[in-house]
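Happy to walk through this one with you. Let us take a few labels in turn and ask what stands behind each.

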Amino acid sequence: MSSSSSSSSAVIARTGRQRQLYENEYRLVAGCIPFRFKTFVEDPAAYLENRLEVLMISSPGRDDLVFPKGGWENDETVEEAACREALEEAGVRGILRKDGLGVWEFRSKSRQNSCSLEGICRGYMFALEVTEELDSWPEEDNHGRIWLSIEEAFRRSRYDWMRGALERFLIVMSETLECERESQMRGDLVAPVKELLPEHKILIPSWFEKPTVTQRIDERLFVLG
């Protein structure tokens, strides 16, 4: 269950692209699908998608919605970038799931109709279980936020690749919860995450690495959409 906080702790949104990471022609982007479990579900045996809600953000002058995301910069890990964007754009903190949802390639919003390579992004997406919602946040003037059912999120997603990420999110969550149930049945001991990591809790996957100019990420690991 998430809590509410009245302060953004003097968080200031980053601007500019001086630290932006690129891999060849691709701008590298990090984002997440913030989620929570409903506090009350009439049917305990309901399908997973009926027990989850996801957080999406709005943009001025548009009715459709997006998940928080933005540029991955050279002084942070991809996980830190995803958490930062969630805080700046949606005003939430939480537990970042250890396994990434995948990587998607797409055009920036200003280059949707371009035929050139300019404006192509490579986006790394994660699932973020929300534990804290700020009453105010750095980009609240540009981005409102709203909790939605999975069905509504599919309907209101601005881009096809985000619907693909949402589909992957459901698969990963289903697999994760099944593993957790099996661990509980075996009596495995799991340390409380709150005792391990402050504020954002980042459980780091082994297959995410910051690329260098001479290094290409193994595309066999990508889920492209």
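**What stands behind the labels**

Phe154 lies in helix α2, residues 150-156, in what is a predicted model.

Q: Why is Phe154 called partly exposed?
A: Its relative accessible area is 22%. Buried would need a value under 20%, and exposed one over 50%. Since 22% falls in between, Phe154 is partly exposed.

Q: Which residues is Phe154 in contact with, leaving aside its neighbours within four places in sequence?
A: They are Arg163, Leu166, Glu167 and Leu170. Each of these counts as a contact because heavy atoms come within 4.5 Å.

Q: How far apart are Phe154 and Leu65, in sequence and in space?
A: Along the sequence, 89 residues separate them. From C-alpha to C-alpha, the distance in space is 9.8 Å.

Q: What makes a residue part of a nonpolar core, and which members touch the most others in the largest one here?
A: A member must be buried, be of a nonpolar type on the list, and be joined through side-chain atoms within 4.5 Å. The largest core has 50 residues, and those touching the most other members are Ile33, Val54, Phe67, Trp72, Leu101, Leu166 and Phe169. Helix α3 (residues 160-186) supplies the largest share of this core, nine residues.

Q: What does Ile33 touch, not counting residues up to four places away in sequence?
A: Its partners include Val54, Phe67, Leu101, Leu166 and Phe169. Also among them are Met125, Phe126, Ala127 and Leu128. Ile33 stands opposite Ala127 in β8 as well.

Q: Why is strand β8 called mostly covered?
A: For a residue to be buried, its relative accessible area must be under 20%. In β8 (residues 120-134), 15 of its 15 residues are buried, so the strand earns the description.

Q: How do you know that β3 and β8 pair?
A: Pairing takes at least two bridges. Nine bridges join β3 to β8, so the two strands pair, and they run parallel.

Q: What makes β6 and β7 partners of β8 too?
A: The cut-off of at least two bridges applies again. Five bridges join β6 (residues 92-96) to β8, in antiparallel fashion, and the bridge partner of Leu96 in β8 is Leu128. Six bridges join β7 (residues 102-107) to β8, also antiparallel, with Val103 matched to Tyr124. Both strands therefore pair with β8.

Q: What is notable about the phi of Asn24, and where is this residue?
A: Asn24 has a positive phi of about 55° although it is not a glycine. Its place is in the loop between β2 (22-23) and β3 (26-37).

Key. Residues are numbered from 1 along each chain as its sequence is written. This is a predicted model: local features need pLDDT of at least 70, side-chain atom pairs count only at pLDDT 80 or more; totals for chains, interfaces and linings use all residues. Side-chain values use heavy atoms; hydrogens and water are left out. Helices (H or I, at least four residues) and strands (E, at least two) are DSSP runs, numbered from the N terminus. Buried means under 20% relative accessible area, exposed over 50%, partly exposed in between (1.4 Å probe, protein chains only).
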